[in-house]
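Reader: I should like to learn how the features of a structural model are read. May we go through them in turn?

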Amino acid sequence: MSGKSPSSPMSAALDLSGGQPSVPHVSMKSGKVWTFGSTALKIAGLAVFAFLLFGPLANLALWSVAERWYTPFKLPVSYGLRYWEVVFRPTGDAMSSLATSVTIACLTVLVALAVSIPSGYALARLRLPWRTALMILFLLPQAFPSVAIYINVARVFYSIGLSGTITGVVLVHAAHGLVYSVWIAAAAFAAVDRDLELAARNIGASPLRTFFTVTLPLAAPGIMASAIFVFLESLDEFTGTFFVGVPQVTTLPLLLYNASMGGNYQIASITALILLVPSVVFMIVIERFLKADVLSKVGQ
Amino acid sequence: MERPSFLGLLLITPALIMIGALFLYPLGFSLAAAFTEPGGGLSLMHFQKAYELYSTDILFTLFIVVVSTLLTGLFSIIIAGILTLSETPWLIVALRNLYRWPLFIPFIVAAQCMRTFLAKNGLMNNSFVALGLMEPIQTTSFLDWRGIIITFVWKQVPFVTLMLAGAMASIDRATIEAGRNLGASRVRVLIELVLPQVAQTLLVGLVLSFVTMLSVLSVPMMVAGSQPTMLTVDMAFRINSYGDYATANALGVISYLMAGTVAWIYLRHNVKREVQA
């Protein structure tokens, strides 16, 4: 912002001519018309943008409360929460899918943290050969067309009895989320002040105690952010579960897919809304966990 | 600190085993299945079959992904450009609060949204009819290649814009002000002064988007059901209907090649930049 201050008198002068400084010597009257026209254009553009952005979501919300909606009608014929009752019925498919999804996501976070905290620390603090190559290796599962990988994972899992099991799905999700957990954990450890660790060592703490009482607590917000990333990634994952989990493991995305392909748009839309909640909450709180000092070190 | 740390290698081993078992091993498996014939020798017969059956879909996939990537780049440049160069504070605030929304929305939810929004009787056509822009008889369903492109662009623009706006915010404002003082229009400042300085970030964002779109299975399955379709759907079909791993893996290798070409363009650009520097 400080870089902007010298220019502010100029931009204030520019705004008088309606944000179009390249038109010199406009008379006051045509200047006003121009300002009005340009403002109207901006509002119209913003409205179109908002429609394209939120229209699809509005359609989803409408479908979730539409009890009957068929072709000639622009809006649902009758509204109601009947399908919400169907979805949230304790014995329904949706509740068991939600439980499966959350269980898988939590286990995925545990597995991802168990491998990424040690490797993040090693990448941030210890001397490793081919460090850059190792960092890129963790990126590869995200940077490769994944369908071709998953069909072969499914084949391998089938031969060792892991296909259609929660364990199999958790492993696939954890490998997919590893780039987030390792990269963010490494950045979080790199952002911890080394002097604090040295101070702890100086007053006689063992390396292990220093790690658990100084380094880990200081890196915790960043590691928390990586856990949230992995949790969401697992909750939203479709392709891997589609190949490895079927037919026994039905997560929310798979339920959504089956309902949608079966023409049951109400169930599909309500499931989609359930999946939206954590995504939107995350978008709002992410800045609290992922501080700028950690963010600037991601991927280094 | 001269020698590699033994402890470091020990700590990173579990993560490496995981990548090896769940990514490198299946990758080798897919290459082996694509290139070996039933007898065991090396051959390209599966590629021939894949080409005979799916040459249209290969071109279709390439077309969808390239067009979506270019449109994503275009819209991201426009939005990030307005965020950086606009002199109307309320427009910047409104746009900044709007554009991010689809960022964390899963592809499958985006696909379900578009499946209803873009349908013949969806909210988009209904709104156009209600506004008098269109007669009910003129409405058409967008649930084909256009739907896939719209969904991809809708989902990827926030991601690339986020990266691009960040990069644009960190460039030296003095160059922009100098251009403006010399009388260059904002469009010209954007194209000639700002874009060259953030080209690297734009390229990274677009390469990542390209590969992401190449890997998505749910969007082509849910938004456009019929033929032609994208390679991801063909692979799933070969497996689920015929158990035909050889052809599916040949299609997989073709999608690696597409991703690899883009990665190569990116690396070449990087090398050129470093030589210049």
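Reader: What area does chain A expose, and what share of it do carbon and sulfur atoms supply?

Author: The model is a predicted one, in which local features need pLDDT of at least 70 and side-chain atom pairs count only at pLDDT 80 or more, while totals for chains, interfaces and linings use all residues. Residues are numbered from 1 along each chain as its sequence is written, chains are lettered from A and ligands numbered from 1 in the order in which they are written, and side-chain values use heavy atoms, with hydrogens and water left out. Accessible areas come from the Shrake-Rupley method with a 1.4 Å probe; for residues, only the protein chains shown count as cover. Chain A exposes about 14,600 Å², of which carbon and sulfur atoms supply 69%.

Reader: How many helices and strands does chain A have?

Author: Helices (H or I, at least four residues) and strands (E, at least two) are DSSP runs, numbered from the N terminus. Chain A has 13 helices and 2 strands.

Reader: How is the packing of two helices described?

Author: Two packed helices are described by the angle between their axes and the distance between the axes. Axes are lines fitted to C-alpha atoms, for helices over the stretch in contact, and angles run from 0 to 180 degrees between N-to-C directions. In chain B, the axes of helix α2 (residues 45-85) and helix α3 (residues 89-99) lie 9 Å apart, at an angle of about 140°.

Reader: Which word describes the orientation of α2(B) and α3(B)?

Author: Angles under 35 degrees count as roughly parallel, over 145 as roughly antiparallel, 65 to 115 as roughly perpendicular and the rest as oblique. α2(B) and α3(B) are therefore oblique to each other.

Reader: Which residues of α2(B) and α3(B) meet?

Author: Contact means heavy atoms within 4.5 Å. From α2(B), Ile79(B), Ile82(B) and Leu83(B) meet Leu91(B), Ile92(B), Leu95(B), Arg96(B) and Tyr99(B) of α3(B).

Reader: Is Ser209(B) buried or exposed?

Author: Buried means under 20% relative accessible area, exposed over 50%, and partly exposed in between (1.4 Å probe, protein chains only). Ser209(B), placed in helix α8 (residues 186-215) of chain B, is buried, with a relative accessible area of 0%. Leaving aside residues up to four places away in sequence, Ser209(B) touches Gln156(B), Phe159(B) and Val160(B).

Reader: What percentage of the residues of chain A count as buried?

Author: Of its 300 residues, 47% count as buried in chain A.
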